[in-house]
Amino acid sequence: MELNSKIPDGPIAEKWTNYQFDRKLVNPANRRKYDIIVVGTGLAGGAAAATLGEQGYNVKAFTFHDSPRRAHSIAAQGGINAAKNYKGDGDSVHRLFYDTVKGGDFRAREANVHRLAEESVRIIDQMTAQGVPFAREYGGLLDNRSFGGAQVSRTFYARGQTGQQLLLGVYQQLSRQVGLGNVEMHNRSELVDVVVVDGTAAGIVVRDLLTGQVTSHSAHAVVLATGGYSNAFFLSTNAMACNVTAAWRAHRKGAAFANPCYTQIHPTCIPQSDDFQSKLTLMSESLRNDGRIWCPKDPDETRSPELIPEADRDYYLERRYPSFGNLAPRDIASRAAKVVVDEGKGVGPLKNGVYLDFADAIARLGEGTIRERYGNLFEMYERITDESPYVMPMRIYPAVHYTMGGLWVDYELMTTVPGLYATGEANFSDHGANRLGASALMQGLADGYFVLPNTISNYLAPQLGTQPVPTDHPEFRAAEVAAKERFDGYLAIGGTRSPDSFHQELGKIMWDYCGMERTKEGLEKALAEIPALHAEFRKDLRVTGSGESTNQTLEKAGRVDDFFELAQVMCLDALTREESCGGHFRAEHQTDEGEAERDDDHFAHVAAWEWTGDPSAPIRHTEPLEFENVHLAVRSYK
Amino acid sequence: MNELNLTLKIWRQAGPDAPGSFDTIPAPGINDEMSFLEMLDVVNERLVNDGKEAVVFDHDCREGICGTCSLMIDGQAHGPQKGTATCQLHMRKFADGQEITIEPFRATAFPVVKDLMVDRSAFDRIVESGGYITAETGGASDANLTPIPKPVADAAMDAAACIGCGACVAACPNSAANLFTAAKVSHLNLLPQGQAERFSRVEAMVDTMEDFFGSCTNHGECQEACPKEISIDFIAMMNKDYLKSKFKNRKMLSRS
Amino acid sequence: MAITGIMLMGFVFAHMVGNLKMFLGAEDFNHYGEFLRELLVPILPRTVFLWLLRGGLVVAFGLHIHAAYSLTRMNRAARTVGYQSRRDYIAANFASRTMRWTGIIVGLFLVWHLFDLSWTGTGATYVRGLAYENVDQSLSRIPVGLLYIVANIALGIHLFHGAWSLFQSMGWNNPRFNGARRNFAAAFAAITVIGNVSFPIAVLAGVVGS
Ligand SMILES: Cc1cc2nc3c(=O)[nH]c(=O)nc-3n(C[C@H](O)[C@H](O)[C@H](O)COP(=O)(O)OP(=O)(O)OC[C@H]3O[C@@H](n4cnc5c(N)ncnc54)[C@H](O)[C@@H]3O)c2cc1C
Ligand code: HEM
Ligand code: HEM
Ligand code: SF4
Ligand code: F3S
Ligand code: FES
């Protein structure tokens, strides 16, 4: 397998413009002769499906949700970045590009990131035109705030519901296309296999979650916009249904999986309160703009927070990173929290959190302003914990939040399988080893609106006049049979343990050994335990009910099965990346101050894994990364 | 943390056309820190361990934002806590020994899929009929070209906060979808960008709404059930625009 | 619905006010009946305008009932399978949930009322044109008096919701007066009921009549 990133030549600032001119076009009259399948209707998929529909292609869109409006993108709170420089505080496309490459700890492709920064500007224009009610100033112009890891105000937001408003914008635009008949929507249909014929993507096999029926769909090209795999850890901030199945099934059909070990741990989540917990709730990073993070200096501290005098508090972020303080990037802030909690200075009943304190901000700005800024987040926190952040500091702790890794894609967002594309969180492209806050929405929308609809024509144009592979082709038939057998298989095992109980146990292994801090021993331990647990899963799984009607236990079984295989390559990737970078922290590789220590000589590359049929023995390929515009430097936020 | 011993009366229905009935399931030893759905997870885990089929219910984000969760809890959509979706309802709101009745949302336009899961795609039909601003990808002008007074943007945001959960329909004695539709209409009709299609939008969306749902007689129950506390003021706004549309849209026709 | 409702409200209110003349004695009251017939004379021949009013009234009524009927059917169809467990209402009140029934009561009352006082009379000696005497004759019969009282209370309940509801239906919504809408409805309903109910009581109490 060779990894050709197809990066256009020319100076960084002209690559994208040149590419768009050089690419092959499909003339408007011919577009209706092409069928395109888009799996996933979150920001990345929804924007792509709507735009391709507007351009005149026949689009079939699939989601396992009951409506496109439910995609996990809806949960994004904080905001979306764009190099608009409306605040005139020195932002620019180049600075956003620079910040993102640096923030990603020099493990992202420069060309992709620059394109992302260029398109960021048009996203805000497009979404505003769609009617997204971004926050505004009294003058009527758009408001911005600064967000984790940035020293300029470039983050656009809609209260604490930015993702919701963006997704609704996309959903409305997609709905218009559905109404016009340009996009055919398939809700509650889960992709269970990708079909490849003669080395190119021919279509997909989906399972109807209401009837259990398995059907095939073919097209000239297939786009996967199926989101991230944080739920491999069981507990994460992701929605309950987020899973890796689509990406993993593609991987098994030949799509390389890149940097699976790059997982982002978000610093500000509500600490776990007990082991029945089903998911963790994120408290938007924007809270760090006004909240101060601290823990008691004394591990045996028993006083309630407001009674602890300044002298006995350790504002550890402000202490360790004076220039960024509480706004230090996520990986840094998260690890710092782990350090103090491991020292026994954690707070809360389980001593598993640190304080995020608004007392100063309330004193400085008044409760009104704080309510205006974070009201709904404070309510959410109080609903869950029964404590009011207006009087009591919040308790927070890091949690798995986002996965930078994903399907390997070239500059055109095409995977190693021709005709199979990946956009949004499902691909690996733009965030390197660590994603900056408010950049995922930006990437999902850039991919879906402005990148994929441009690059896909380059692949489609030469196929003018060809028909998609008919769905009665043996490959489709075989895939359907395999899928049916897979799900019947889960029902047939008749063991004693529910899918959830396995998922929970897998998640614990991953969190302990492949979480915020990784060691050789730990990862090897995980690599021994996971296959064993997977074997037990195959022997002792119990799925009640039938496959002929809605069966959420059965759905879960299929997803957990794929997580087991993914988990192994995550650990392998973490084990073989003998350095610390961004979200990947290997205890063996840290400076004396405990900062991540990169090894650019040996690891300035993308690791892309090839499926071999044996989940414990995939092949590791590498794509070297060149840094011509941002100079490799130790990432310091001191 | 306290332990609750509860009795659940849960609606079980094998499929859309199957007859349904209440199933009484004891739920002892429930930790009151749990969310309502975590309580159901525990119940389901126990059912599976007993070889029984788990209760089917819709949910996803569990943060009160995706609108997937539903449930009629003791006769109230999303349960007793005001402005709270089922997934954010916590067991500390219930008392030890309590019997809790859980039923699916009921409306002809929301057919039961299985157990507590219903099909709310009628909402998608309403949006498809006009719940958008026509602005195809690429043609947008600079976002700051059209200033929007903060109060207007805020009002639009208040309406746009709707999560499409359908509790308004479930709670409405008439099964009317006026609060949902009004929220969608008002969000776009308040914004300058939404003016071009303002009256065609409201007419199309209201007419589609009436193909599926009941008609509002201003009970105000929807507003009480809405997890986002969307105000029925938006229903009045929608009605006003709808009345106007009957004249304005005709005028438009005469222009073409 | 709302528009017809408003017309009906207009009538009922004016009618109630007019009927207050009852307390000024037979002369004034019958003179008022005469005045109604003389309206806009000589612009229009005698009773023409009154008939116009009546016409409008009949139409409004017809449409109102038709709207009510189709509304009811639509809402029934919108939930063919109802809730199997007890509903727990928070905002919907007795008035809003019984609009149909209070409406029908008023409707039925009206039929009786028209026979009773403007067409044929209902048993008691009835003389066309001598409204005062007719009212006296008719309402001094206790059951009839009670009927009038009950019917008007039903009307009051109907209006308590209706007179608020119409603002929402017409889209008359504005933070500046939203608070006042409920009060208006309550006051309107109260005044109408008190006014109307006072007549049967007055008659039964002998304040009105001979
Ligand atoms: C709590 C939270 C807060 C966040 N806040 C921010 C923020 O403030 N700023 C920011 O930039 N980013 C934020 N993020 C990250 C960002 O929201 C996501 O990375 C981004 O929305 C992913 O969008 P997507 O379109 O790629 O995937 P998703 O939105 O997850 O969509 C995935 C789609 O694929 C479908 N799908 C998946 N698998 C299948 C299958 N097998 N078959 C059929 N359909 C399938 C799903 O139904 C869904 O429609 C946040 C994330 C979380 C969890
Ligand atoms: C206790 C209360 C009421 C009294 C004493 C009363 C009295 C009368 C009288 C005396 C007339 C005959 C007028 C005439 O023919 O000269 C009349 C007519 C009428 N009343 Fe009432 N009324 C009462 C309540 C109502 C109510 C509640 C309604 C409607 C809901 C109503 C509707 C009518 C109508 C439609 C007519 C016919 C008007 C016409 O012929 O022009 N009345 N009423
Ligand atoms: C046969 C007699 C009547 C019937 C069956 C009837 C029935 C109804 C019904 C079902 C409604 C809908 C509920 C609502 O919209 O809130 C309604 C509304 C209303 N009714 Fe009646 N009604 C009758 C008579 C009257 C009378 C005599 C009046 C006035 C004096 C009246 C005034 C109103 C008003 C103001 C509304 C509110 C309209 C709106 O909100 O759109 N109705 N009626
Ligand atoms: S209006 Fe409220 S209750 Fe109705 S769908 Fe929207 S959020 Fe749910
Ligand atoms: S409860 Fe129903 S009647 Fe109207 S005000 Fe709300 S939709
Ligand atoms: S599960 Fe998303 S709103 Fe309740």
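1. Between chain C and chain B of this predicted model the count is 0 salt bridges, a salt bridge being a side-chain nitrogen of Lys or Arg within 4 Å of a carboxyl oxygen of Asp or Glu. Across that interface there are nonetheless 30 residue pairs in polar contact, both residues at pLDDT 80 or more. A polar contact is a pair of N or O atoms within 3.5 Å; within protein, one must be able to donate a hydrogen and the other to accept it, and residues adjacent in sequence count only if both atoms are side-chain atoms. The side of chain C that touches chain B divides into 12 nonpolar, 13 polar and 5 charged residues. For these classes, Ala, Val, Leu, Ile, Met, Phe, Trp, Tyr, Cys and Pro count as nonpolar, Asp, Glu, Lys and Arg as charged, and the others, Gly among them, as polar.

2. On conventions, residues are numbered from 1 along each chain as its sequence is written, and chains are lettered from A and ligands numbered from 1 in the order in which they are written. The model is predicted, with local features needing pLDDT of at least 70, side-chain atom pairs counting only at pLDDT 80 or more, and totals for chains, interfaces and linings using all residues, while side-chain values use heavy atoms and leave out hydrogens and water.

3. In the same C and B interface, 30 residues of chain C are in contact with 37 residues of chain B, contact meaning heavy atoms within 4.5 Å. The area buried between the two is about 2,800 Å², of which carbon and sulfur atoms give 50%; buried area is the accessible area (1.4 Å probe) that two parts lose on being put together, summed over both. C:Arg79, C:Tyr83 and C:Gln168 supply 20% of the area that chain C buries against chain B, more than any other three residues.

4. Chains A and B share the most contacts of the 2 pairs of chains in contact. Chain A and chain C are not joined by any contact, and their closest C-alpha atoms lie 21 Å apart. The A and B contact takes 80 residues from chain A and 77 residues from chain B. Together these chains bury about 6,200 Å², 49% of it on carbon and sulfur atoms.

5. Which charged and polar pairs join chains B and A? The rule finds 8 salt bridges across this interface, and 50 residue pairs are in polar contact, both at pLDDT 80 or more. Helix α3 of chain B gives the largest share of the side that touches chain A, 7 residues. Helices (H or I, at least four residues) and strands (E, at least two) are DSSP runs, numbered from the N terminus. By class, this side of chain B has 33 nonpolar, 22 polar and 22 charged residues.

6. Two of the salt bridges between these chains can be named. B:Arg120 and A:Asp66 meet through their side chains at 4.0 Å, N to O. B:Asp158 pairs with A:Arg159, the closest N and O atoms being 2.9 Å apart. That pair runs from helix α3 of chain B to the loop between β4 (155-156) and α6 (162-180) of chain A. B:Asp158 is partly exposed at 35% relative accessibility, and A:Arg159 is partly exposed at 31%. Buried means under 20% relative accessible area, exposed over 50%, partly exposed in between (1.4 Å probe, protein chains only).

7. Over all chains the salt bridges come to 74. Within chain A, A:Glu480 bridges to A:Arg477 at 3.3 Å; both lie in helix α12 (residues 474-493), 3 residues apart, about one turn of the helix. A:Glu480 is buried, at 12% relative accessible area, whereas A:Arg477 is partly exposed, at 41%. A network of salt bridges links A:Asp105, A:Arg107, A:Arg577, A:Glu579, A:Arg598 and A:Asp600.

8. The largest nonpolar core has 244 residues, of which A:Ile80, A:Leu445, A:Leu566 and B:Phe213 touch the most other members. Such a core is a set of buried Ala, Val, Leu, Ile, Met, Phe, Trp, Tyr and Cys residues joined through side-chain atoms within 4.5 Å. Helix α15 (residues 552-576) of chain A gives the most to this core, with 13 residues. Apart from this core lies another, of 30 residues, including A:Phe276, B:Met39, B:Leu89 and B:Ile102.
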